[in-house]
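Let's look at some ring contacts and surface labels together, and ask what stands behind each one.

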Amino acid sequence: AGLERPTQGTVFFGDEDASHRSVQERNVGFVFQAFHLLPHRTVLDNVLLATLYSGVPRGERRERALAALDRVGLSHRLDFLPTVLSGGERQRVAIARAVIAQPHVLLADEPTGNLDSKSGEEIISIFKELNEQQGITIVFVTHEPDIAAHTRRIVRLHDGLVVSDEKTVARGEAA
């Protein structure tokens with residue numbers, strides 16, 4: 001994501017060296033396996049906090065947060081604390097927080113790793129909708145072949161090196 005400088009080589013974002021862009025210009029969203037929600041802040045507050053760092057204009061923050069929570073099916077849980085939500089609901093809050101700034105790229109680190117298979121499938125469906133309807137590029141980091149089967153491309157790494165890069169037909173798509 002360009003948050004740290006590479007120890008060697010150059011990281012490109014599109015056709016440009018990422019070191020020449022600010023974090024906000026790169027416009028990358030993050031979804032973590034462990035959710036990283038603030039337990040004593042409401043669902044709405046957790047999503048709104050992301051607007052402080054993403055450059056969302058003050059007048060648009062609440063509207064965007066509400067829209068993002070509606071998009072992930074949580075508009076009925078705005079005043080709930082994360083501690084009373086299921087794992088799938090927590091991950092959906094994390095997704096809403098990640099997409100509020102309308103990123104071009106969304107990095108998802110084991111986004112279904114803490115979830116049961118039904119909740120995991122629901123999360124994958126949300127990611128597919130974000131890709132298809134908003135054109136967000138989703139990059140999954142996963143050890144789960146079932147999750148990778150939903151993607152159009154699988155890049156395998158071993159000890160930090162690319163060992164394969166294959167285009168696939170995502171589960172549910174025509175060949």
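Here are a few questions and answers on aromatic pairs and exposure.

This is a predicted model, in which local features need pLDDT of at least 70, side-chain atom pairs count only at pLDDT 80 or more, and totals for chains, interfaces and linings use all residues. Residues are numbered from 1 along each chain as its sequence is written, and side-chain values use heavy atoms, with hydrogens and water left out.

Q: How many aromatic pairs are there by the rule used here?
A: The count comes to two. Rings of Phe, Tyr and Trp (its six-membered ring) pair if their centres lie within 6.5 Å; planes under 30 degrees apart are stacked, over 60 edge-to-face, and the rest tilted.

Q: What makes Phe30 and Phe32 a stacked pair?
A: Their centres are 6.0 Å apart, with 0° between the planes, so the pair meets the limits of 6.5 Å and under 30 degrees.

Q: Why is Phe32 called partly exposed?
A: Its relative accessible area is 33%. Buried means under 20%, exposed over 50%, and partly exposed in between (1.4 Å probe, protein chains only), so Phe32 falls in the middle class.

Q: Why are Phe127 and Phe140 called edge-to-face?
A: The ring centres are 5.1 Å apart and the planes stand at 90°, so this pair is edge-to-face.

Q: Are Phe127 and Phe140 buried or exposed?
A: Both Phe127 and Phe140 are buried.

Q: How do you know that Val84 is exposed?
A: Val84 has a relative accessible area of 56%, so it passes the 50% limit.
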